[in-house]
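Welcome, and please bring the structure up in your viewer. We will go from stop to stop, selecting a few residues at each.

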Amino acid sequence: MALLPALFLALLAGAHAELPGCKIRITSAALELVKQEGLRFLEQELETITIPDLIGKKGHFYYNISDVKVTQLQLISSELHFQPDQELLLHISNASLGLNFRRQLLYWFFYDGGYINASAEGVSIRTGLQLSQDPNGRIKVSNVSCDASVSRMNMAFGGTFKGIYNFFSTFITSGMRFLLNQQICPVLHHAGTVLLSSLLDTVPVRSPVDDLVGIDYSLLKDPVVSNGNLDMEFRGTFFPLTEGSWSLINRAVEPQLEEQERMVYVAFSEFFFDSAMESYFKAGALQLTLMGDKVPSDLDMLLRATYFGSIVLLSPTVINSPLKLKLQAVSPPRCTIKPSGTTISVTASVTIALAPPMLPEVELSKMIMEGRLSAKMTLRGKALRIKLDLRRFQIYSNQSALESLALIPLQTPLKTLLQIGVMPMLNERTWRGVQIPLPEGINFVREEVTNHAGFLTVGADLHFAKGLREVIEKNRPTNVVDSSDPLSSAAAA
């Protein structure tokens, strides 16, 4: 019987779970590209290792190994893969680190010093990144696991005391290997929790799209890692900037991602586009007024002829007044996505009036316009862009059928006005696009859009327009304590 209350609570929680408007899937096909860029970054980070001086004596032999620097990283074998339900795992085996350091030797009254090259062989590194969402819905590195070891050290001693160095090389190389083992993981932990987090901070969460609306890409839950994919669910909703707490209930079909051939897939539901149009509607942007010279002369003459009977009855000071044409959406447009294509339905009022200077407007007619636009989605770089085309247009009167018949001659000229005067303005705005949640320096290439019932998906490959180091240095946090500080390792040594 205890099962029934648990099942009821699970169903209740599912009923109130917020559906994503946008999903992103990174597949295993992207891991080789990510690995190559990540290894370049890792090599640069390992070169920042600071190893404490190695000072000691054995009998009358005093030694000082100082100024140890990592000069290069040579990789023999590396693998990057998804660890189900846990993390992104990088395994490096049989690598080598080139080292350079200063040696100082005192044996009785004899002194020798200089710089020498060395190498750390059989370097093995196993590190994992675990991703999660923070309280603000931002993706973050929540944990960095690390296991590193150096199997042996090689040093080519020379100079007057070459034989003595070789004799005591066992405990010198053992000390060097111990200190190096102590330094690799702190450097990787700092790179993951601090530096890579600064890269993830460039992913937009709540940001303005323009002067009227913003977009919310908050993560709805922690990223999910499977054998071949990393899946993320985002709120994916627009909002008017004047109403920051405004929200729209998502009742659209939840987008599904099943493909795995391309490096990355992005899915957008109808809700994503509906929230954009409702936000612009709330912001008062879905209206257009043409007056005087802005009204095409042919349309001006046709409208005056159509409403001649009403105009001649007006005062002489009003008859020759400029004509005013106002189009205004009466409700938020709605998006419909089908396998055959994407359409946007809009209903607007069209008001025709005379606007005499310094006098109240005189309304000649008010009609309803219904339009259907086809929408072609493309992805360029990180911007989702839309091109609109007017497919269907109809005007009618909500007063009487007889008046609707009288409006038939206005169908063609008003449609032409929309195609020539209004659609270019809409497309200029929609073609600027809206950024999707990707870090700075990473773009999409070779995009392919596929329509489904209630949502669309975009499959693409990734391209690093900037290196990880360049982006991280640009966004590097200040006043952060470096977790790779060697003082703790020196104390341990």
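A disulfide is counted here when a pair of cysteine sulfur atoms lies within 2.5 Å. Keep in mind throughout that you are looking at a predicted model.

**Stop one: the cysteines**

Select Cys-146 and Cys-185 and show their side chains. Their sulfur atoms are 2.1 Å apart, and the two residues form a disulfide. How many disulfides does a search of the whole structure find? The search turns up one. Now zoom out a little: Cys-146 belongs to strand 7 (residues 139–155) and Cys-185 to helix 3 (residues 162–200), so the bond ties together parts that are 39 residues apart in sequence.

Next, look along the S-S bond of Cys-146 and Cys-185. Is this disulfide left-handed or right-handed? The torsion about the bond is about -80°, so the disulfide is left-handed. With a surface displayed, check Cys-146: its relative accessibility is 28%, so it counts as partly exposed.

While you are colouring cysteines, add two others to the selection. Cys-22 has a relative accessible area of 0% and is buried. Cys-335 is also buried, at 5% relative accessibility; the cut-off for buried is under 20%.

**Stop two: helix 4**

Select residues 270–282, which make up helix 4. Try a distance between its end C-alpha atoms: they are 18 Å apart. Why does that agree with what we should expect? The helix has 13 residues, and at 1.5 Å a residue, counting one less than the number of residues, the span should be 18 Å, which agrees with the model.

Switch on the surface again. Helix 4 is mostly covered, with 11 of its 13 residues buried. The buried set runs from Glu-270, Phe-271, Phe-272 and Phe-273 through Asp-274, Ser-275, Ala-276 and Met-277 to Glu-278, Ser-279 and Tyr-280. Then step just past the helix to Gly-284, where phi is positive, at about 75°.

**Stop three: two positive phi values**

Most residues other than glycine have a negative phi. With that in mind, select Asn-94, which sits in strand 5 (residues 87–107). Its phi is near 55°, a positive value in a residue other than glycine. Asn-94 is partly exposed, with 46% relative accessible area.

Finish at Arg-446, in strand 21 (residues 442–451). Phi of Arg-446 is likewise positive, near 55°. Is Arg-446 buried or exposed? Its relative accessible area is 57%, so Arg-446 is exposed, the cut-off being over 50%.

Notes: Residues numbered from 1 in each chain as written. Predicted model: local features only at pLDDT ≥ 70, side-chain atom pairs only at ≥ 80, totals over all residues. Heavy atoms only, no water. Helix = DSSP H or I, 4+ residues; strand = E, 2+ residues; numbered from the N terminus. Buried < 20%, exposed > 50% of the residue type's maximum accessible area, 1.4 Å probe, protein only.
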